[in-house]
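The exercises below are to be worked with the sequence and the coordinates open. Each task is followed by a solution in steps.

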Amino acid sequence: MKASSAVSAVLPSNGSPGISWAPIAAFCFLWSSAFAAAKIAVRDCPPLTLLTVRFLIAGLLMLGIAAISQRGRWPRGRDLASLILLGVLNNALYLGLSWMGMTTVSSAFTAVLISTNPLLIGVLAGPVLGERLSWRKLLGLCLGLAGVALVLRSRLLGMQEDMHGTLLVTGGLVALVAGTLLYKLLKPSAGLWASTGIQSLAAAVALLPFALLGENQSDAHLTASLIGSMLYMIVAVSMGGYYLWFMILSRASATSASALHFLMPPLGLLFGWLVLREPVSWLDLLGIVPIAFGIWLATRKGE
């Protein structure tokens, strides 16, 4: 897929400032790399405990940046309540369920399954947000889903992935779809650093009791790989990736912005292979073809 096609997906039609290719490329890289980093981290620390610590540190850092930069207004009332709800959906439920599932399924499989969210958002954005789904976007989303289904089929029929873990990741997918639609529907007006920081802190508070009651913190081992992956996820993913995602989402339609998630399967497979030496079959690679063509169709301007 050409870079210009991806950029066109997130250029608003109302004449407001668009987004260059650089933050789009950075978002796709950071978001897809998070699955491999998480797979490394959960080897040495229970997933909910790890996420609670990650969200707490990232949230405090982002709110500190918001206070120092003094950009955008601080949320109050409805905005604050909206951000707390979004934090529970976009962070606590999405990643909490995904990471618990990733203790028994591969990071590449998780990336592929989560990437089906553009089709769900494309179907729901019409009745929920009033976004028009053209025939070209619908065809592109269906092709993307077909490519994802091909990758999933090669893994599930080969009994490579655990069904319980698959169901947990599916729950995370539903939470991400709901969080994306609600973000566009509620339209929080706070600055991006403040809004992203509040969402992160809300997720930490929501996960804390489940981490304390459901996990044994003595199972955490402070290894070099845990520290390295934790630092990467705090700075690169929670602070960088989520900031870029909400910036893109605030300037584009939910359908167009979420279409970028179809890039995650090939990137997720790549990171899983490079970092974790997870196997990649020819069927996985074949599934990338309809995914790439589907993105091109879904992100083209015009009808």
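**Exercise 1. The contact of helix 3 with helix 4**

Which residues in helix 3 meet which residues in helix 4?

Solution.
Step 1. Keep in mind that the model is predicted.
Step 2. List the two sides of the contact. Helix 3 brings P47, L48, L50, L51, R54 and F55, and helix 4 brings N91, A92, L95, G96, W99 and M100.
Step 3. Sort these residues by class. The contact of helix 3 with helix 4 has nine nonpolar residues, two polar and one charged.
Step 4. Add the geometry. Helix 3 spans residues 47-69, and its axis lies 9 Å from that of helix 4, at an angle of about 145°. The crossing of these two helices is right-handed.

**Exercise 2. The contact of helix 4 with helix 9**

Determine the angle, the axis distance and the handedness for helix 4 and helix 9, then list the contact residues.

Solution.
Step 1. Locate the helices: helix 4 covers residues 78-101 and helix 9 covers residues 192-214.
Step 2. Fit the axes. They are 7 Å apart, and the packing angle is about 65°.
Step 3. Assign the hand, which is right-handed for the crossing of helix 4 and helix 9.
Step 4. Collect the residues. On the side of helix 4 they are L80, L83, I84, L86, G87, V88, N90, N91 and A92; on the side of helix 9 they are S195, I198, Q199, S200, A202, A203, A206 and L207.
Step 5. Classify them: eleven are nonpolar, six are polar and no residue is charged.

**Exercise 3. Q199**

Is Q199 buried or exposed, and which residues is Q199 in contact with, leaving aside its neighbours within four places in sequence?

Solution.
Step 1. Place the residue: Q199 belongs to helix 9.
Step 2. Apply the cut-off. Buried means under 20% relative accessible area. Q199 has 1% relative accessibility and therefore counts as buried.
Step 3. List the partners. With sequence neighbours within four places set aside, Q199 contacts L83, L86, G87, N90, N91, Y183 and F246.

**Exercise 4. Two buried residues and their distant partners**

For V112 and I248, find the helix, the burial state and the spacing to A149 and F27 respectively.

Solution.
Step 1. Take V112, which sits in helix 5 (residues 107-114). Its relative accessibility is 0%, so V112 counts as buried.
Step 2. Compare sequence and space for V112. A149 is 37 residues away along the chain, and the two C-alpha atoms are 8.8 Å apart.
Step 3. Take I248, which is part of helix 10 (residues 224-251). With 0% relative accessibility, I248 is likewise classed as buried.
Step 4. Do the comparison for I248. F27 is 221 residues away in sequence, while the C-alpha to C-alpha separation is 9.1 Å.

**Exercise 5. The cavity**

How many cavities of 30 Å³ or more does a search of the whole structure find, and which residues line the largest cavity?

Solution.
Step 1. Run the search. Rolling a probe the size of a water molecule over the atoms shows where empty space is left.
Step 2. Count the result: one cavity of 30 Å³ or more is found.
Step 3. Give the volume of the largest cavity, which is about 90 Å³.
Step 4. Name the lining: W31, A34, F35, A38, R54, Y94, L95, W99, M102, V237 and Y242.
Step 5. Assign the lining to elements. Helix 2 (21-41), helix 4 and helix 10 each give at least two residues, and helix 2 gives the most, with four.
Step 6. Classify the lining of the largest cavity: ten nonpolar residues, no polar and one charged.

**Exercise 6. The second largest pocket and K187**

Describe the second largest pocket, then examine K187, one of the residues nearest its centre.

Solution.
Step 1. Take the volume: the second largest pocket holds about 300 Å³ of space.
Step 2. Take the lining. It has 13 residues, and Y183, K184, K187, P188 and S250 lie nearest the centre.
Step 3. Find the elements. Helix 8 (163-186), helix 9 and helix 10 give two or more residues to this lining.
Step 4. Classify the lining of the second largest pocket: seven nonpolar, two polar and four charged residues.
Step 5. Place K187 in the loop between helix 8 and helix 9. K187 counts as exposed because its relative accessible area is 63%.
Step 6. Check the backbone. K187 is not a glycine, yet its phi is positive, at about 50°.

Note on methods
Residues numbered from 1 in each chain as written. Predicted model: local features only at pLDDT ≥ 70, side-chain atom pairs only at ≥ 80, totals over all residues. Heavy atoms only, no water. Axes fitted to C-alpha atoms, helices over the stretch in contact; angles between N-to-C directions. Left-handed = near helix turned anticlockwise from the far one by under 90°. Contact = heavy atoms within 4.5 Å. Nonpolar A, V, L, I, M, F, W, Y, C, P; charged D, E, K, R; others polar. Buried < 20%, exposed > 50% of the residue type's maximum accessible area, 1.4 Å probe, protein only. 1 Å grid on protein atoms, 1.4 Å probe; cavity = no way out; pocket = protein on both sides within 12 Å on 5 of 7 lines; lining within 4 Å. Points joined across faces, edges and corners; volume = space filled by probe spheres on them.
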